[in-house]
Amino acid sequence: MLRLTAAAALLAAFALPTAAQELRLGTEGAYAPWNFINDAGVVDGFEIELGNAICERAGWTCTWVVNEWDSIIPNLVGGNYDAIMAGMSITEERMLTIDFSQDYYPPDPSVFIMAGDASFDFGALSGVRIGVQGATIQAAYAEANFAASNTILAYETGDQSVADLAAGNVDMVLADNGYLRPIAEASGGAFKIEGPEILIGGGVGVGLRKADDELEATFNATLDEMKADGSLDALIGKWFQVGPFYSQM
Amino acid sequence: MPDWLTALLGPDLSGGLAYITNGKHLQWYGAFRFTILAGLLGALFALGFGLLGAAAKNARLWPLRQLGNLYTGIVRGVPDVLFFLFFPLAFEQGVEYFLALGQCSAEEVAANPGVWPPCPDANLFFGTTEYLLLACLSLGLIYGAFAANVIHGALRAVPAGQLEAARAFGLSASQVLWGIHVRQMWIYALPGLSNVWMILIKATSLLSLLQIADIVLWADRLGSPNFQPAAGVIHPDWRWRYYLVLFIFYILVTFLSERVFRALTRWAGKGVIVADNP
């Protein structure tokens with residue numbers, strides 16, 4: 001019996017890739033409210049609802065694959081999933097390896113979060129420990145602009161960088177406004193957002209393999225539809241309490 | 001949760017109980033099945049490879065003997081984490097290589113230089129089941145090499161007189177091998193095998209390296225700090241608490257294993273004359 005089960009599993013392993021109607025979406029699962037694993041143990045968040053809505057409109061059967069942020073682009077190219085929806089900003093560097101759909105969240109400024117009683121001279125930052133999530137636009141920006149006279153610390157997830165801020169191991173964290181704002185508001189004064197708002201990146205889009213032009217066209221057409229009828233703005237309003245961005249244009 | 005239970009426990013305790021029984025935690029508890037399966041199936045494979053390896057090391061044919069020595073020598077020398085990463089990946093890409101030979105046209109291969117796999121048809125998607133099976137096979141291969149050495153030594157420890165006596169009674173070669181030699185070998189092999197089992201059990205904590213959502217990965221996810229009200233209870237870094245639960249689980253497994261091996265040793269020692277036979 002055991003041998004039979006093993007043989008069946010091996011057969012399943014050799015089965016050909018899934019049919020065109022099925023789509024696997026890759027996400028990080030650790031970047032609330034964009035995408036996270038909820039108390040029920042399943043992926044949830046703005047991008048999960050949006051992705052499911054797109055799949056429904058396009059007639060795809062979609063499943064979510066949780067993948068670490070560090071390897072999320074290589075594993076898209078390698079074929080572990082067909083699209084990335086993980087709060088990924090559209091940048092020139094990323095466009096060298098993958099394609100993006102049009103943006104489904106407008107360019108989001110990056111902000112600094114720090115302890116509620118801290119104060120810094122943002123005109124001349126020096127000797128400050130700045131936390132970022134590795135392989136993000138903020139990590140690249142901090143490395144280019146602050147590394148000379150400050151210490152940059154890169155973390156695997158955004159939550160780990162904020163945890164180290166709470167523990168006093170870094171002085172401030174640089175990340176997306178949409179990610180840090182709810183943290184500061186829920187902290188009851190323990191954290192605050194201060195300093196300049198920095199605009200890096202060009203909005204958040206769906207990451208796709210360069211060869212998948214048809215898939216990209218469908219994503220773009222569906223996003224056009226959802227922008228026009230206001231359903232995208234409704235989702236953004238629900239998860240971020242901002243907007244509308246798209247339906248009035 | 002029923003009302004009477006909430007009333008009985010009070011707000012603090014019932015809140016805690018609700019927290020550790022939410023869906024996230026239930027998935028964590030469910031993930032223990034991967035670890036237990038990997039341990040048991042891995043041990044079964046290890047025993048199989050161990051017997052094969054020991055047979056090869058004891059073989060009369062020179063090339064077979066060298067093959068056995070090569071297997072135990074190389075696999076015991078490579079760090080288990082490395083082998084654990086290497087074997088499933090090598091297996092997957094090896095299969096993809098043969099798929100590509102059959103499925104991909106020459107034009108497709110030429111159009112995608114340096115891209116793996118060279119065409120979408122040759123791409124394998126491995127999920128938890130496949131990786132779990134490969135993990136068991138890897139564990140079997142790694143610890144089979146250790147088991148082979150243990151069994152090889154145990155086979156030599158059986159007194160030659162026992163085998164000679166069996167042959168003198170007119171037993172056939174296979175009767176001598178299985179009825180006398182292998183049967184008496186266990187009492188010498190069990191202390192070593194119990195050691196191998198303990199190390200194998202510890203290696204089951206590596207499953208998350210193969211993208212299996214195992215107990216270690218879930219402990220990491222659950223213990224990770226959370227500052228987002230949308231994502232559930234807000235808490236700082238709690239990972240040590242979750243790792244502590246895993247410590248206790250592994251210690252319990254060790255404790256249970258010792259009892260099982262004690263019983264096995266009693267069975268193996270029946271009727272066998274050994275100096276330290278309990």
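Two strands pair if DSSP finds at least two bridges between them. The exercises below use that rule on a predicted model.

**Exercise 1. Strand order**

Task: Work out the order of the strands in the open sheet of chain A, and state which strands are its edges.

Solution:
- The open sheet has 5 strands, in the order 10-9-11-8-12 (chain A).
- Its pairing is mixed.
- Strand 10 (151-155) and strand 12 of chain A each pair on one side only, and these are the edge strands.
- From one strand to the next, the twist averages 30°.

**Exercise 2. The neighbours of strand 8**

Task: Find the strands that pair with strand 8 of chain A, and give the sense of each pairing.

Solution:
- Start with strand 11 (residues 172-176) of chain A. Strand 8 of chain A pairs with strand 11 in the antiparallel sense, over 5 bridges.
- Pick one bridge. Ile113(A) has Val173(A) of strand 11 as its bridge partner.
- Move to strand 12 (residues 191-198) of chain A. Strand 8 also pairs with strand 12 in the antiparallel sense, over 5 bridges.
- Here Phe112(A) stands opposite Glu194(A) of strand 12.
- Now check burial. A residue is buried if 20 or more other C-beta atoms lie within 10 Å of its own.
- Of the 6 residues of strand 8 (residues 110-115), 5 are buried, so this strand is largely enclosed by the rest of the structure.

**Exercise 3. The parallel pair**

Task: Which strand of chain A runs parallel to strand 9, and how many bridges join the two?

Solution:
- Strand 9 (residues 129-133) of chain A is joined to strand 11 of chain A by 2 bridges, and the two run parallel.
- Ile130(A) has Met172(A) of strand 11 as its bridge partner.

**Exercise 4. Helices on the sheet**

Task: Identify the strands of chain A touched by helix 7, and those that helix 5 lies across.

Solution:
- Helix 5 (residues 137-145) of chain A lies across strands 8, 9, 10, 11 and 12 of chain A.
- Helix 5 runs at about 150° to strand 9 of chain A.
- Helix 7 of chain A packs on the sheet and touches strands 8, 11 and 12 of chain A.
- The direction of helix 7 makes about 155° with that of strand 12.

**Exercise 5. A glutamate in strand 12**

Task: Is Glu197(A) buried or exposed? List its contacts beyond four places in sequence.

Solution:
- Glu197(A) is found in strand 12 of chain A.
- A residue with 12 or fewer C-beta neighbours within 10 Å is exposed.
- Glu197(A) has 11 C-beta neighbours inside 10 Å, so it counts as exposed.
- Leaving aside neighbours within four places in sequence, Glu197(A) is in contact with Pro109(A), Val111(A) and Asn177(A).
- Glu197(A) and Asn177(A) are 20 residues apart in sequence, and their C-alpha atoms are 8.5 Å apart.

**Exercise 6. A helix pair**

Task: Describe how helix 2 and helix 8 of chain A pack.

Solution:
- Helix 2 (residues 46-58) and helix 8 (residues 213-228) of chain A pack at an angle of about 105°, with their axes 10 Å apart.
- Angles of 65 to 115 degrees count as roughly perpendicular. Helix 2 of chain A is therefore roughly perpendicular to helix 8 of chain A.
- Helix 2 makes the contact with Ala53(A), Ile54(A), Arg57(A) and Ala58(A).
- Helix 8 makes it with Thr218(A), Phe219(A), Thr222(A), Glu225(A) and Met226(A).
- The residues of this contact divide into 5 nonpolar, 2 polar and 2 charged.

**Exercise 7. Where the chains meet**

Task: Dissect the side of chain A that touches chain B.

Solution:
- The contact takes 24 residues from chain A and 25 residues from chain B.
- Helix 1 (2-14), strand 3 (35-37), helix 6 (158-166) and helix 7 (177-186) of chain A each supply at least two residues of the chain A side.
- Helix 6 gives the most, with 5 residues.
- The chain A side divides into 16 nonpolar, 6 polar and 2 charged residues.

**Exercise 8. The overall form of chain B**

Task: Why is chain B described as more spread out than a compact globule?

Solution:
- Chain B has 10 helices and 0 strands.
- Its radius of gyration is 25 Å, well over the 19 Å that the globule rule gives for 278 residues, so chain B is more spread out than a compact globule.
- Along the principal axes, the C-alpha atoms of chain B fill a box of roughly 80 × 70 × 30 Å.
- Of the 278 residues of chain B, 29% count as buried.

Notes: Residues numbered from 1 in each chain as written. Chains lettered and ligands numbered in written order. Predicted model: local features only at pLDDT ≥ 70, side-chain atom pairs only at ≥ 80, totals over all residues. Helix = DSSP H or I, 4+ residues; strand = E, 2+ residues; numbered from the N terminus. Rg over C-alpha atoms; globule rule 2.2 N^0.38 Å. Contact = placed C-beta atoms within 7 Å. Nonpolar A, V, L, I, M, F, W, Y, C, P; charged D, E, K, R; others polar. Axes fitted to C-alpha atoms, helices over the stretch in contact; angles between N-to-C directions. Parallel < 35°, antiparallel > 145°, perpendicular 65-115°, else oblique.
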